[in-house]
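The following exercises concern charge pairing, nonpolar packing and enclosed space in a protein model. Please attempt each task before reading its solution.

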Amino acid sequence: MATSINQHQSILESASRFPLPQGLRFSYGTAGFRAEASVLASTVFRSGILAALRSLKTGAVIGLMITASHNPVNDNGVKIADPDGGMLTQQWEPFADALINFDVSCMCISWAIMLVKDANSFSFVVLKFVEEENIPLGGVNSSAEILLGRDTRPSGRALVEAAKQGISAVIGAVAIDMGILTTPQLHWMVRRRNKRMKASESDYFEQLAKSFRCLVDLVPKEMAKLVDAKFVVDGANGVGGEKLEQLKGMLTGLEVEVRNLGRKGDGILNENVGADYVQKEKVIPCGFGSDDMGIRCASLDGDADRLVYFRLLSANSRSVDLVDGDKILSLFAVFIKEQLDSLSKMTNDKLRNRLSSRLGVVQTAYANGASTHYLKQLGLEVVFTPTGVKYLHKKASEYDIGIYFEANGHGTILFSEDFISSLHDVEKELASCPDCESRNAALRLLAVNQLINQAVGDALSGLLLAEAILQYYGWSINRWSELYHDLPSKQLKVKVADRSAVVTANAETQVVKPSGLQELINAETDKYSHGRCFIRPSGTEDIIRVYAEASTQEAADSLAQAVEQHVKRLLTEKSF
């Protein structure tokens, strides 16, 4: 009882310093909360409490990252990393929304139908949730550890302090400030700490450099000479550029030039730079020009969890040939499949059977249809999930090796622990055959397992893996881009009174409600060669998103517009 009173008093005193902004409501998105930085202090403070409770509940280290990724510099946000380094479990998202907004009205948890109007009642809501979730609070062995990180936004320092106050308001919780990091670095650190492994930033750099060197050492000598070691990376004037600048001195076999580091005179974070800008606009970022003709280029986003490649099409134009997340996925899938095929040819039946594995590729409906067709033609298993990294990651984890990417360049590769354990055993058995291709394939897969960030998409680890694979095949960026040709596509938005009027199924590819709309979409789609179209409600706004593909841009535009008219007619709202 005394502990509960002390805890109530601690939260009460801290919460009174962080009043909720009037008239605003914050929504938990794919990975957390984002808004204009000046209104986020209360949100970050309460996220600190949330992270501390999550740490107490799981008995593990939790991460809290201050970043708004590819958003403008005046925005900021907060993401929470679960013990496995992934995103906060979806079961806690309703409580996260309730806690941040004071409006605790959620069907998913039994304590929920109440309205919190001040710090006093806010504290009781926290303690009620603690009780319902059986969170050990204030006990002898009750302790929580939260790793904090932030990107380079000017608002980050003050928001980290707000998070610290939220964490310290929970008895037994300790915040450890890891400083300026990429988002994937913090997730990697959380995952490693909970595995009782070294987890400092220098450990991160060392692991990436060592595993990359292993992959490069296994590149056939005749292939390594075919790829220009020089390439240029756009750092989005964010944290990723600075981290790559630190890492590149540890790399062998690469000549990396990093631009848009965010230093004085470089420009503004995410303003006409970065992976999101390049992917959407299909033009070169600031700091690139005609002198970059023929050079392989890549772009990170603001917190370095997205990656795209590009090449300048003409010295007289800013247009680029974009190598997006779909083609990064395809490159990774081709390479992984080839290594598995080599292992499947082992003459030792016992070893071959031990490595029986299932490789899966996971996409969303937004993946270009040409990429899906290409992957299926390779004989790969391709499955779809609803839009959002949390769905992709969860599905990919069901495979021995699961690869997922969104077109925006966010994605990674997941290896099951059982598969890696078996792979280690097989590699040891093959050690007596040092030049055996099966052993080399095993070594390559083990190196990929170390290089790729299996907690979240990581632009730095993804960049190094892409570079190693290009060297392995001796491919230029032109050859990579020619794997397949994207179908022309068109996206539109339709404003509606209530987005919940549209209900979808089958990974958002089929409309269930309103009745009859899917049949209308099918009829329009059948009019076009290679036609494909779907609609889905926005996760945060009263908007219905329309996506269409066809064999020509004119056909894709026409299909999207026809479906837009059906949506407007059935849901009676204007488009914009």
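R545 is partly exposed, with 23% relative accessible area (buried is under 20%, exposed over 50%, partly exposed in between; 1.4 Å probe, protein chains only). This is a predicted model, in which local features need pLDDT of at least 70 and side-chain atom pairs pLDDT 80 or more, whereas totals for chains, interfaces and linings use all residues. Residues are numbered from 1 along each chain as its sequence is written, and side-chain values use heavy atoms, without hydrogens and water.

**Exercise 1. Characterise the salt bridge of R545 and its partner.**

Step 1. A salt bridge requires a side-chain nitrogen of Lys or Arg within 4 Å of a carboxyl oxygen of Asp or Glu. R545 and E541 satisfy this at 3.9 Å, N to O.

Step 2. The partner, E541, is partly exposed at 39% relative accessibility.

Step 3. Elsewhere, K79, D303 and D305 are joined into one network by salt bridges that share partners. The search of the whole structure finds 31 salt bridges.

**Exercise 2. Which elements does the salt bridge between D321 and R311 tie together?**

Step 1. The side chains of D321 and R311 meet at 3.1 Å, N to O.

Step 2. D321 belongs to strand β12 (residues 320-323) and R311 to strand β11 (residues 307-312), so the pair ties together parts 10 residues apart in sequence. Strands (E, at least two residues) and helices (H or I, at least four) are DSSP runs, numbered from the N terminus.

Step 3. D321 counts as buried, at 16% relative accessibility.

**Exercise 3. Describe the largest nonpolar core and the contacts of I413.**

Step 1. A nonpolar core is a set of buried Ala, Val, Leu, Ile, Met, Phe, Trp, Tyr and Cys residues joined through side-chain atoms within 4.5 Å. The largest has 88 residues, of which Y309, F332, I336, I413 and W480 touch the most other members.

Step 2. Helix α17 (residues 459-473) gives the most to this core, with 11 residues.

Step 3. Leaving aside residues up to four places away in sequence, I413 touches F332, I336, I401, G402, I403, V448, I452, Q454 and L465 (contact: heavy atoms within 4.5 Å).

Step 4. A second, separate core of 46 residues includes A35, V44, V126 and A169.
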